[in-house]
Amino acid sequence: MEKSSSRANNMLFRIFITECIIIFILLSCGNKVRQTQTPYNLQVPEGFPDMPFPEHNILTEEKVELGKRLFFDPILSADSTISCASCHIPEFAYADHQPKAVGIHGKTGMRNSPTLLNIGYAPYLFMEGKVPDLETQVIAPVQHEEEMGLNLRDLLKRLEKHPYYKKQFQRAFGEKPSPGNFVRALACFERTLLSGNSSYDQFIHGDSTALTEEQKLGMSLFFSDRLSCSQCHGGFNFTNYTFENIGLYEHYKDPGLKRATALPEDEGKFKVPTLRNIAITYPYMHDGSIPTLDSVVQFYNMGGKHHPNQNKLIKPLYLNEKERKALVAFLSSLTDRIFSDKK
Amino acid sequence: MKFRFTIVLFAFVVVLLNSGCGGEKQSRVFLKINLMAGGQPLQLNTNYTSPEGTLIQYSMVRFYVSQISLIKDNNEELHYPDQYYLADSESDNLFLIDEHVMGKFKGIRFGLGVDSTRNDSSGIYAIPPYEYPVDHALSPANFMYWSWNPGYIFMKLEGKADTSANGILNEIGETFAIHTGFKEAYRFIERNYSFTSKGDDIILQVNAEIPKFFTNYNLRSDKKDAHPSNSKHEEFPYVLEIVNNSNLVFGEIFE
């Protein structure tokens, strides 16, 4: 009798200890129970370098999925009418066709929306280049009164109440929405926006039929010392990521890099944009003032407006009509049809 | 028995530490900044006259307080390098500096703005703005982070100014917005005030007479809008004119 009672007590004691251990584990983990994170297999296009990304924000499937949902969701704007994709439209290579970005209540921003394709390679963000990474950049359009106009505080309240976001932030980060994991998710998604399969890419990777004869003529002009386009628009992403004044104006309303540095020699300098997918990201220039690719080529052909800071490479090119058309045709070959069809 | 003795000893030590010597006990110390105009609490969207005689209304007054030090009688300092506060015309601006202060003090010093350890994106102590929770003074949710440019706006003075001097404030172009920033515009305020921790809360109050920021600053002829992007910017000298009046703005400490 005593033995069986002792055995029962022993059993109860073991159950009690086991329960204690389980409760302890649950309590100590609390909301921080981390789901298994799935590494995101980022396939960079052939000929592209590895993408640099911060150690504190490793790409995972969960973060990319969350970031993609956030990117297309107007919940990020004060009146829930504008999402990131309102100005960065997939069909237009994640740019738009407005001269300047249009935010909530039809407010116009100060500059043309840039493409986000291959943005993960950008060593800095914005046209003055003073923002060091995508994570930091994300905050600006969300809070800017001419763009999405939503305070981070209010945004987090919305996300915390939203069933999908509540769940997905837990999946992606093991915690509720915070400014840090919000920007990380969006940055992760943006790093997956890659484009490197244009006709030009196919041509340089061995498909001699990918470019027309006209495009080939345009390509030889583009890379020639006579035109020097590739001096600034060179490299795998057709930009050297420097700041240049191309002589768009004699007097700039938008000071460009000077806005950040206050140096007179930086007036009218803007970050050199990528030319990938350029045919579908019209209108052009920092202020969207040139409507077509043909008129851009004509502008360069004239040699700029002779601003004191104008890059010395910008000079009359003396292109004939055939050459102008060939150059436009080559620039059009930089459009990544597979990407733009896939969206 | 041994265990009981240890507990009694521990309790004795705790009591001894708390009681201190000469009647000193741990106190909570607060800093309260009262935003004032004309000797009265500042009211937004209310007519005032600037020191230079311009009719003026404020719609926003907001500035950072950082690098607070409580200065002891023996010149030692209790320094709080990681505490940042945002004084705001719509808040009570009561800031808890320390919950466990003990001793005799003769003054306080604090900085206006965000010191370079948190304001310089390349600084080793720099923390990206998105790492702050939204209720932290340095969160971008307070709209004091530049966003397109690294760093924080130290102070925002915004409102309307009757620059045409016709007595009417709502005319187009009669707004002003002065945004200060950058390490050259960081200013320290130091005030003498004797206090001793005795267990009760100590609230060190200081009045900030906001219009005095515009001492010798003429909103009709000087810049009405100054938000320089760095200290070499053409608008930065106007920012310096404003912050150089900081010592006039802050009065003596009282409880």
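**Exercise 1. Cysteines**

In this predicted model, the sulfur of A:Cys188 has its closest cysteine sulfur in A:Cys84, at 14 Å; explain why no disulfide is assigned to A:Cys188, and carry the argument over to A:Cys232.

*Solution.* Begin with the cut-off, since a disulfide requires the two sulfur atoms to be within 2.5 Å. The 14 Å from A:Cys188 to A:Cys84 is too far for a bond. The sulfur of A:Cys232 has its closest partner in A:Cys229, and that 9.3 Å is likewise too far for a bond. Next, consider the surroundings: A:Cys188 is buried, with a relative accessible area of 0%, and A:Cys232 counts as buried at 14%. Finally, the total over all chains is 0 disulfides.

**Exercise 2. Salt bridges around A:Arg259**

Determine which residue meets the side chain of A:Arg259 in a salt bridge, where the two partners lie in chain A, and what the charged end of A:Arg259 sits over.

*Solution.* The salt-bridge partner is A:Glu128, with an N to O distance of 2.9 Å. Locating the two residues shows that the pair links distant parts of the chain, for A:Arg259 belongs to helix H11 (residues 258-261), whereas A:Glu128 is in the loop between helix H3 (84-87) and helix H4 (134-143), 131 residues apart. As to burial, A:Arg259 is partly exposed at 22% relative accessibility, while A:Glu128 is buried at 1%. Widening the view, a network of salt bridges links A:Arg259 and A:Glu128 with A:Arg111 and A:Asp254. The last step crosses to chain B, where the charged end of A:Arg259 sits over the ring of B:Trp148, 3.7 Å from its centre.

**Exercise 3. Two further salt bridges**

From the 18 salt bridges that the structure holds over all chains, take the one between A:Arg276 and A:Asp201 and the one between B:Glu190 and B:Arg109, and describe the position and burial of each partner.

*Solution.* In the pair of A:Arg276 and A:Asp201, the closest N and O atoms are 2.8 Å apart. A:Arg276 lies in the loop between strand S2 (270-271) and helix H12 (293-302) of chain A and A:Asp201 in helix H8 (residues 199-204), so this contact ties together parts that are 75 residues apart in sequence. A:Arg276 is buried at 3% relative accessible area, and A:Asp201 is buried at 2%.

In chain B, the side chains of B:Glu190 and B:Arg109 meet at 3.1 Å, N to O. This pair links strand S10, which holds B:Glu190, to strand S7 (residues 104-112), which holds B:Arg109, across 81 residues. B:Glu190 is partly exposed at 43%, whereas B:Arg109, at 19%, is buried.

**Exercise 4. Aromatic pairs**

Classify the geometry of the aromatic pair formed by A:Tyr249 and A:Tyr252, and then that of the pair formed by B:Trp146 and B:Phe182.

*Solution.* Over all chains the count comes to 38 aromatic pairs. For A:Tyr249 and A:Tyr252, the centres are 5.5 Å apart and the planes make an angle of 90°, which is edge-to-face. A:Tyr249 is partly exposed, at 27% relative accessible area, and A:Tyr252 is buried at 11%.

For B:Trp146 and B:Phe182, the centres are 5.7 Å apart and the angle between the planes is 10°, which makes the pair stacked. This pair links distant parts of chain B, with B:Trp146 in the loop between helix H2 (116-119) and strand S8 (153-161), and B:Phe182 in the loop between strand S9 (175-181) and strand S10 (187-196), 36 residues apart. Both B:Trp146 and B:Phe182 are buried.

Notes: Residues are numbered from 1 along each chain as its sequence is written. Chains are lettered from A and ligands numbered from 1 in the order in which they are written. This is a predicted model: local features need pLDDT of at least 70, side-chain atom pairs count only at pLDDT 80 or more; totals for chains, interfaces and linings use all residues. Side-chain values use heavy atoms; hydrogens and water are left out. Rings of Phe, Tyr and Trp (its six-membered ring) pair if their centres lie within 6.5 Å; planes under 30 degrees apart count as stacked, over 60 as edge-to-face and the rest as tilted. Buried means under 20% relative accessible area, exposed over 50%, partly exposed in between (1.4 Å probe, protein chains only). Helices (H or I, at least four residues) and strands (E, at least two) are DSSP runs, numbered from the N terminus. A charge sits over a ring if NZ of Lys or CZ of Arg is within 6 Å of the ring centre and within 35 degrees of the ring normal. A salt bridge is a side-chain nitrogen of Lys or Arg within 4 Å of a carboxyl oxygen of Asp or Glu.
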